[in-house]
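Welcome, and thanks for taking a look at this one. Below is a short briefing to read alongside the sequence and the coordinates.

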Amino acid sequence: MLSDAGLRPSPVRVLIIGLMEKNHYPVSSLEIETRLETVDRSSISRSLALFAKNGIVHVVDDGSGSLKYEICRSTDRRGHDDDNHPHFHCVECGATVCLDGDSVPSVRVPDGYVAESVNYVVKGLCPTCARLRNSRNETD
């Protein structure tokens, strides 16, 4: 994947990509740092920025204040058309998951404007947090 994007597969980059491939949800740089204790924060940040610039990952701003990164599934690494999908963010536990079955609605921008990215996030409760909230409400 790194070589296909014209990037040198350094040990740190391979570790980061390997961790991201194991996840089926977007991860923050802090999550990566916590799981890869031997890799320093600046190396992770530089790698993620490089991956995003080269279309290996896309950035998800789920409104939590911490950007999340997800491996692009698109075969065309220059465009992210296949990766324009919504995400769900649980406001209780902070988990963010892909909603792959749906697409981001098309939005017309005014003449002269050029849209470069779309961020579509649905916020609410994941099944676990919804059950916990319901059980707390039942006992009150």
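**Overall picture**

Of the 140 residues in the protein, 33% are buried. Please keep in mind that this is a predicted model. The secondary structure comes to 4 helices and 6 strands, and along the sequence these follow the pattern α-β-α-α-β-β-β-β-β-α.

**Dimensions, surface and contacts**

- Taken along the principal axes, the C-alpha atoms fill a box of roughly 55 × 50 × 25 Å.
- The protein exposes about 9200 Å², and carbon and sulfur atoms supply 50% of that area.
- Among contacts with a separation of 6 or more, 51% come from residues 24 or more positions apart.

**The 1-3-2 sheet and its helix**

- One open sheet is built from 3 strands in the order 1-3-2, with antiparallel pairing.
- Strand 1 (27–28) and strand 2 (57–60) each have a single partner strand and stand at the edges, so one side of each is left without a neighbour in the sheet.
- Strand 1 and strand 3 (residues 68–71) run antiparallel and are joined by 2 bridges.
- If you would like a spot to zoom in on, Ser-28 stands opposite Lys-68 in strand 3.
- Helix 1 (residues 11–22) lies across strand 1, strand 2 and strand 3, and the helix runs at about 85° to strand 3.

**The 5-4-6 sheet**

- Another open sheet has 3 strands in the order 5-4-6, and here the pairing is mixed.
- Strand 5 and strand 6 stand at the edges of this sheet; each has a single partner strand, so one side of each is left without a neighbour.
- From one strand to the next, the twist averages 25°.
- Strand 4 (residues 87–90) pairs with strand 5 in the antiparallel sense, over 3 bridges.
- For a residue-level landmark, look at His-87, whose bridge partner in strand 5 is Cys-98.

**A nonpolar patch on the surface**

- Val-107, Val-109 and Tyr-113 form a nonpolar patch on the surface, and together these residues have about 340 Å² of accessible area.
- Val-109 sits in the loop between strand 5 (96–98) and strand 6 (121–124), the two edge strands of the 5-4-6 sheet.
- With a relative accessible area of 38%, Val-109 counts as partly exposed, because that class lies between the 20% limit for buried residues and the 50% limit for exposed ones.

Notes
Residues numbered from 1 in each chain as written. Predicted model: local features only at pLDDT ≥ 70, side-chain atom pairs only at ≥ 80, totals over all residues. Heavy atoms only, no water. Patch = residues over 30% accessible without salt bridge, like charges linked within 9 Å, V, L, I, M, F, W, Y side chains within 5 Å. Areas by Shrake-Rupley, 256 points an atom, 1.4 Å probe, with all protein chains shown as cover. Salt bridge = Lys/Arg side-chain N within 4 Å of Asp/Glu carboxyl O. Buried < 20%, exposed > 50% of the residue type's maximum accessible area, 1.4 Å probe, protein only. Pairing = 2+ DSSP bridges. Axes fitted to C-alpha atoms, helices over the stretch in contact; angles between N-to-C directions. Contact = heavy atoms within 4.5 Å.
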